[in-house]
Amino acid sequence: MTERALRLGTRRSKLAMAQSGHVADAVRQVTGRPVELVEITTYGDTSREHLAQIGGTGVFVAALRDALLAGEVDFAVHSLKDLPTAQHPDLVLAAIPRREDPRDVLVARQGVTLDALPAGARVGTGSPRRMAQLNAYARSHGLTIETVPIRGNIDTRVGYVRKGELDAVVLAAAGLNRIGGTEELTGSLSVDPLSVDAVLPAPGQGALAVECPASNADLVSALAELDDPLTRAAVTAERSLLAALEAGCSAPVGALADLLADGPGHGQVVTEMRLRGVVGTTDGSTLVQLSTTGPVPTSYDEAVALGRELADEMLAKGAAGLMGERAL
């Protein structure tokens, strides 16, 4: 008798389906069981409001979690940056697979990069974090740009540039890479990866979260095969920073933990982790940007401590006053 298919809960967007498809393939390999995708519509998918207005954190996650808790699906795949930082008491983050490119990219007309944007360029993004850093970068490099709030999937956002309604849009590199149609989608447009020195990504950007009920021990241990310990350590530190700043995913906070190897060449041993954080006003007039370096965390608690330590330094430098209204 063949075992019943595992049901994977996913959002319906092209990107979510692509991400979930990758995970489904990996789960089939480690479990030998069929996996079927169950499409679930979330409030974040149907609302036309800006993310900051509808609560940011969790709007893409709640419906998937409800389906998990109701037993309608066995596990779910989220973009990690959409997950609230507090762990759900009845669910477990069974796997964080190896991370894709965490950077943001600027999609603009052919040949146009961040430094070559025309004066007064209109740059679309739905993220206060990107607005804060883009505006700060423009100020310090003598550029005049206007950041324009937008919503919608990747196709919609790229369409604004194609139609000439915007000069550029900023997207996550991981999303473009995962849908695999970078060439087809962007075609005659220019895709300029933004240096993390200019724009730090969202905490957890480029990483996926595979979540399932804590009560299903067999599934938890099977899914754990997909986990990448270094990715988990990095994103745990980033999300700990976010949590310690008491900021949701709609707050203008960027963070990136990268692994530092012990010298050039192959066979490098990763010995240290550098965590960088930024928070700023959306107009870019004020940024608090700091970093800390320490041994690569070997436990959840060590990774959390690294994030908290940097958050404390940022708060001491005035970060709290830059985050606007705190969601109650």
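Glycine 71, which lies just after helix α4, takes a positive phi of about 80° in this predicted model. The helix that precedes this glycine spans residues 62–69, and its relation to the rest of the chain deserves attention.

Which residues of α4 are buried? They are Leu64, Arg65, Ala67 and Leu68. These residues lie on the same side of α4, because they cover an arc of only 160° around the axis. A general property of helices helps in reading this pattern: an α-helix has 3.6 residues a turn, so residues three or four places apart point the same way. Against what do the buried residues of α4 pack? Their partners are four strands: β1 (6–10), β3 (75–79), β4 (91–95) and β10 (208–213).

The view may now be widened to the whole chain. The chain contains eleven helices and 13 strands. Of its 328 residues, 50% count as buried. Among the contacts between residues at least 6 apart in sequence, 72% join residues at least 24 apart.

The surface completes the description. The chain exposes about 14800 Å², and carbon and sulfur atoms supply 50% of this area. One feature of the surface is a nonpolar patch formed by Leu230, Leu259 and Val270, which together have about 200 Å² of accessible area. Leucine 230 belongs to helix α10, which comprises residues 229–244. Why does leucine 230 count as partly exposed? The reason is its relative accessibility of 36%, since buried means under 20% and exposed means over 50%, with partly exposed in between.

Conventions: Residues numbered from 1 in each chain as written. Predicted model: local features only at pLDDT ≥ 70, side-chain atom pairs only at ≥ 80, totals over all residues. Heavy atoms only, no water. Patch = residues over 30% accessible without salt bridge, like charges linked within 9 Å, V, L, I, M, F, W, Y side chains within 5 Å. Areas by Shrake-Rupley, 256 points an atom, 1.4 Å probe, with all protein chains shown as cover. Salt bridge = Lys/Arg side-chain N within 4 Å of Asp/Glu carboxyl O. Helix = DSSP H or I, 4+ residues; strand = E, 2+ residues; numbered from the N terminus. Buried < 20%, exposed > 50% of the residue type's maximum accessible area, 1.4 Å probe, protein only. Arc of directions from axis to C-beta. Contact = heavy atoms within 4.5 Å.
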